[in-house]
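Student: I would like a close look at a single helix of this model and at how the rest of the structure is arranged around such parts. Please take the helix by itself and then work outwards.

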Amino acid sequence: MADHQISIREPQIHGNKNLNDVTNEVCNIMDRKPTWLWWLGISLALSALTLGIVSVSYQIATGIGTWGLNKTVGWAFDITNFVFWVGIGHAGTLISAILFLFRQKWRTSINRSAEAMTIFAVICAGLFPIIHMGRPWLAYWMFPYPNFRGPLWINFRSPLAWDVFAIGTYLIISATFWYFGMIPDLATVRDRAKNKIKKFFFGALSLGWNGSYRVWHRYETVYALLAGLATPLVVSVHTVVSFDFATSSIPGWHTTTFPPYFVAGAVFSGFAMVLTLMIIARKTLKLEDYITLNHIENMTKVIIVTGGIVTASYATEFFIAWYSGNGFEQFVFLNRALGPFAWAYWIMVGCNLITPQFFWFRSIRRNVTIVFILSIFVNIGMWFERFVIIVTSLHRDFLPSAWSMYSPTWVEIGTLIGSFGLFFTLFLLFIRTMPMISMGEVKAVLHYRGKEKE
Amino acid sequence: MEKLLIAEFQNEYDLVDSVKAVRAAEVEVVDAYTPYAVHGLDKAMDLKSSRLTRICFTFGFIGLLVGVFGQYWVSAVNWPINIGGRPWNSLPAFMPVAFEVIILFAGLGTVFSFFAWRRLKYGKPGLQPSLRVTNDRFYLVMKQGQQRKSSAPVSEIVMAHHGKMVEN
């Protein structure tokens with residue numbers, strides 16, 4: 001019988017746990033007092049967030065002139081950060097939806113926190129275009145609604161309007177998927193809660209979940225449907241983000257390879273961020289049995305693949321620039337590699353092409369410290385990729401008399417640091433308040449058949 | 001009302017085997033309560049596949065209509081604006097937004113249909129055989145009807161599968 005097959009694979013979760021162990025160990029993260037490391041983390045994150053709030057407030061009060069933008073370079077730091085954060089978000093949906101559809105069982109112990117990461121990253125991303133508007137209090141003008149200005153509708157032919165819908169839908173569906181996946185676990189927390197506040201809070205959020213199998217059966221259907229919807233969604237979101245550039249006629253942006261290039265790059269950077277966060281979490285929260293070396297190894301393999309696609313894209317861009325015979329296109333790419341921003345280009349190439357190559361070696365894939373360091377290099381490289389694409393394509397345009405340089409001001413750097421502060425503040429609060437490992441899914445992959453002694 | 005019988009198990013395999021055994025003895029299985037979605041229990045309980053897939057498609061289709069005709073109406077009927085000489089009905093350019101609207105409608109529609117159908121709502125108390133359902137115990141709720149004469153009583157079938165009856 002299928003139920004009684006002997007598994008020849010290594011178990012997903014180590015430590016020979018029973019079902020109650022999983023509940024206790026995951027919920028204990030929320031129950032016990034925060035460690036000094038958590039306090040250190042949250043103070044650093046809140047300090048960064050404060051810097052961000054100060055920078056953004058100053059910018060909104062004074063105007064976009066506080067940035068280093070000029071007539072030639074009209075998009076730089078802000079949009080770089082936007083694309084960077086959207087990209088980070090993509091790995092969460094990939095883990096929760098695409099790996100679910102491919103029946104990759106190892107996703108169970110990381111999917112909850114990866115989805116949380118997605119939502120927080122998309123929140124960070126969404127802030128940048130709003131800040132860039134200069135008059136963020138009119139941000140609701142982005143939405144089509146009957147109004148007394150005509151009614152003046154938004155221009156649905158504009159990729160920037162597509163962005164609003166793509167990012168908005170992505171945020172709503174990711175949050176729904178995350179919350180929906182969490183309902184059974186919220187019920188677990190509700191049923192073991194000792195204090196009244198917790199009982200009330202989780203009782204309200206768990207929607208009366210009682211573990212009835214008839215509900216479970218339907219629940220699984222909805223979960224699979226959401227995964228099926230989130231999969232094309234995540235591909236569409238970065239495709240639409242790449243359209244912001246690809247539908248323009250700027251040399252260096254006007255490329256048909258942008259959608260797959262951006263999606264692969266997003267997954268590449270997102271997995272690096274998941275690795276960074278998960279390695280910190282498994283170490284500080286002692287989750288080595290749940291997030292095992294196999295999990296880390298699997299994620300590094302995804303990085304090899306997506307890093308390969310990114311490398312191929314860089315090569316394709318140069319080839320097509322040469323092959324097109326278009327002088328402007330050729331100039332932009334030579335300028336990227338050899339011009340005044342060559343340092344940024346070679347940081348990008350170094351981090352994104354060379355870093356993944358280390359992961360061909362099993363000994364490196366299973367060395368947590370080295371993987372952690374390499375994952376940070378990928379993050380840096382992918383930030384620079386967006387910077388290179390945006391700034392080097394703009395700063396030397398068709399008219400040499402209009403050429404200029406760009407360097408960020410303290411306001412822009414403060415806003416970037418602030419976005420990291422917001423991201424880590426939200427993530428650290430999430431770890432303390434919600435079950436960060438999907439207990440319901442981890443229990444299902446335990447294949448637990450033990451019988452306790454009465 | 002007939003009395004409900006409740007049996008408790010310690011792992012999923014005993015529960016599934018027991019469901020098969022009691023159903024073979026023509027005892028009606030009302031429901032099972034489990035800490036996670038047990039693989040293969042739907043077949044053992046003979047649950048029909050969900051209609052939610054069709055609901056999902058319907059909502060997606062409504063999303064498509066709203067997305068395409070909404071943009072058409074806004075851009076070509078209600079207040080047409082000449083933007084770079086593009087046609088009023090720029091259908092290819094409307095596709096990205098229409099796609100996002102499909103996903104949005106289908107996703108939210110399916111989830112809220114599920115909530116409505118299964119009566120899951122904000123702040124409802126959870127009613128279950130035991131608080132351990134959401135932790136580490138599996139419960140089987142049966143209805144004692146016209147059991148086949150030749151077979152053993154329910155409690156013996158349950159015992160044979162390492163379960164125990166729970167006082168109701």
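**A covered helix and its surroundings**

Tutor: Helix α4(A) is mostly covered, with 18 of its 22 residues buried. The model is a predicted one, and the values that follow are computed from it. The helix takes in residues 111-132 of chain A; at 1.5 Å a residue it should span 32 Å, and because its end C-alpha atoms are 32 Å apart, the length agrees with that expectation. Just after α4(A), A:Gly134 takes a positive phi of about 80°.

Two residues within the range of this helix, A:Val122 and A:Ala125, are in contact with A:Val86. Leaving aside neighbours within four places in sequence, A:Val86 is also in contact with A:Ile167, A:Val237, A:His238, A:Val241 and A:Ala266. A:Val86 is among the residues with the most contacts inside the largest nonpolar core, and that core has 178 residues. Also listed there are A:Phe271 and A:Val274, together with B:Val19 and B:Ala32 from chain B. The element that gives the most to this core is α7(A), with 18 residues. In soluble globular proteins, nonpolar side chains tend to be buried together.

Helix α7(A) also matters for the contact between the chains, which takes 59 residues from chain A and 59 residues from chain B. On the side of chain A that touches chain B, the elements giving two or more residues are α1 (19-31), α5 (159-192), α6 (196-205), α7 (213-246) and α15 (439-446). The largest share of that side comes from α7(A), at 15 residues. By type, the residues of that side divide into 28 nonpolar, 19 polar and 12 charged.

Helix α5 of chain A holds A:Ala187. This residue counts as buried because it has 27 C-beta neighbours inside 10 Å, the threshold being 20 or more. From A:Ala187 to A:Gly421 the separation is 234 residues in sequence and 31 Å in space, C-alpha to C-alpha.

For another helix to set beside α4(A), take α11 of chain A, residues 342-354. Its 13 residues reach 17 Å from first C-alpha to last, close to the 18 Å expected at 1.5 Å a residue. The buried residues of α11(A) are A:Tyr345, A:Met348, A:Cys351 and A:Asn352. Seen down the axis of α11(A), they fall within an arc of 145°, so they line one face of the helix. An α-helix has 3.6 residues a turn, so residues three or four places apart point the same way. The buried residues of α11(A) pack against α9 (293-324), α10 (327-338) and α13 (368-395) of chain A.

As for the chain that holds these helices, chain A has 15 helices and 0 strands. Its radius of gyration is 23 Å, which agrees with the value near 22 Å for a compact globule of 454 residues. Of those residues, 49% count as buried. Among contacts in chain A between residues at least 6 apart in sequence, 84% join residues at least 24 apart.

Chain B has 5 helices and 4 strands, and from the N terminus on its elements run β-α-β-α-α-α-β-α-β. A compact globule of 168 residues would have a radius of gyration near 15 Å, but chain B has 25 Å. Its C-alpha atoms fill a box of roughly 80 × 35 × 30 Å along the principal axes. In chain B, 43% of the 168 residues count as buried.

Definitions and conventions
Residues numbered from 1 in each chain as written. Chains lettered and ligands numbered in written order. Predicted model: local features only at pLDDT ≥ 70, side-chain atom pairs only at ≥ 80, totals over all residues. Rg over C-alpha atoms; globule rule 2.2 N^0.38 Å. Buried ≥ 20, exposed ≤ 12 C-beta atoms within 10 Å, placed from the backbone. Contact = placed C-beta atoms within 7 Å. Nonpolar A, V, L, I, M, F, W, Y, C, P; charged D, E, K, R; others polar. Core = buried A, V, L, I, M, F, W, Y, C linked by C-beta atoms within 7 Å. Expected span 1.5 Å × (residues − 1). Arc of directions from axis to C-beta.
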